[in-house]
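Please load the model in your viewer and keep the selection panel at hand, as each stop of this tour begins with something to select.

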Amino acid sequence: MKISEVRLVRLHGVFDDPGPRSVERQVGALDLYPEFREQAAPARGDAEPRPITAIYVQIATDEGLTGTWGPLMADQAFQIGAHLRRHLLGRDPIASERIWDVLSRQDRHARKGYMMMAISAVDLALWDIRGKAASLPVYRLLGGPTRDAVPAYASCLGYSLDLDAVRRQAVAFKEEGYGAQKWFFRYGPGHGRAALEKNMALVRTLREAVGDDVDLMFDAWLGWDVPFSIEMGRRMAPFSPRWLEEPVPPDRIDAYAEIRRQAGIPIAGGEHEYTRWGFKTLLDAEAIDVVQADPDWTGGLSEMVKICALASAYGKQVIPHGHSVLPALHLIAAQSAEVCPLLEYLILHNAQKQWFHKNKYVPENGMMRLPEGPGLGLEIDPARVTQREELHWE
Ligand SMILES: [Mg+2]
């Protein structure tokens, strides 16, 4: 079997999901500057129908199989179309190690960033082909299933941080069956010392709302500095958070280690780290307790399997970043529950992420079912597509 075509398609449609929309944003690295700090969340609170587009990579073979993955960022699509495509045409799609190795060697800048994110997307589309060629779900090819279903945690990006609303929502997620919830801080050091207390009001409200039998995690999305993170960690410690996530930008590895030593709570990170070599650096530096590699970005499923082996040898868990559902689900379903205990589910973002997909993956009673069909389980729903546009870079 040979790869005969690599297509990049942009689908157009109308997003009219009746569910709740994102109304709040998290603190971020740009909040260092006042003009960014004061910016409100993008107004997506209304439920009016609006145009939606999503880009997918489709890799076709001479035996009639097609592997699909997306949605992709435009920069990933560009890297595939302009640079990776020529290394794929005519190649054997089953030979995953050869393809990954060639793609990571063909450009010295392929090691991180958009090019590695593009390699990740290609790797995922190729795993879709491999599953279809074997008539098996991808997790079967990776050694699974290790379980019949995977526990998911409610990732609450975009929900209102009004404390009454937080209390109601947290109780609702607990009643829905989620055993763990992650919330996103809105305030950082740029907001002054009052930010400490505002963030702590969120922590306190959540612990009071859900009691002691629900895990709580908190994400600072690169928005803090070392002193602020240590002080927040110490204040949070009595409320037993499962982890504090990405308190500072990802390359401050010494800062992560310092926060981890002094904050008194577990530190999670790595959604913006790439490949086994990036994670080895983090693990050697004792910078993180929880590895949050993202299969869509860090090198695909081929690389995630290696990162899991590495992390388990260091005695650390891998709880993949939940940018998308299916790749992480296949990986987790094929790893020991000791290594990969949990799936992240970004509740408010998945309606958009899965808009063009026929089968929606949504947790029930806090558990995600495993895909049953061959490949990754992503099928485009033609009824949702008003226009299909092919993208070319030559
Ligand atoms: Mg995060």
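Two strands are taken as paired if DSSP finds at least two bridges between them. With that criterion in mind, and remembering that this is a predicted model, select E1 and E13, which run antiparallel and are joined by five bridges. Within this pairing, pick Leu11, whose bridge partner in E13 is Arg388.

Widen the selection to the open sheet to which these strands belong, where four strands follow the order E3-E2-E1-E13 with antiparallel pairing. Strand E3 (66–72) and strand E13 (387–391) form the edges, each of them pairing on one side only, and from one strand to the next the twist averages 30°.

Next add the helices that pack on the sheet. Helix H2 (residues 74–88) touches E1, E2, E3 and E13, and its direction makes about 165° with that of E1. H4, in turn, touches E2 and E3, with its direction at about 145° to that of E3.

Now step back and colour by domain: domain 1 covers 3–22 + 48–135 + 381–391, and domain 2 covers 140–369. Their centres, taken over C-alpha atoms, are separated by 26 Å, and 29 residues of domain 1 are in contact with 21 residues of domain 2.

Finally, select the side of domain 1 that touches domain 2, to which strand E1 (3–15), strand E2 (50–61), helix H3 (96–105) and helix H4 (113–134) each supply at least two residues. H4 gives the most, with 11 residues. Coloured by class, this side shows 15 nonpolar, six polar and eight charged residues.

Note on methods:
Residues are numbered from 1 along each chain as its sequence is written. This is a predicted model: local features need pLDDT of at least 70, side-chain atom pairs count only at pLDDT 80 or more; totals for chains, interfaces and linings use all residues. Domain bounds come from an automatic or database domain assignment. Two residues are in contact if their C-beta atoms, placed from the backbone, lie within 7 Å. Ala, Val, Leu, Ile, Met, Phe, Trp, Tyr, Cys and Pro count as nonpolar, Asp, Glu, Lys and Arg as charged, and the others, Gly among them, as polar. Axes are lines fitted to C-alpha atoms, for helices over the stretch in contact, and angles run from 0 to 180 degrees between N-to-C directions.
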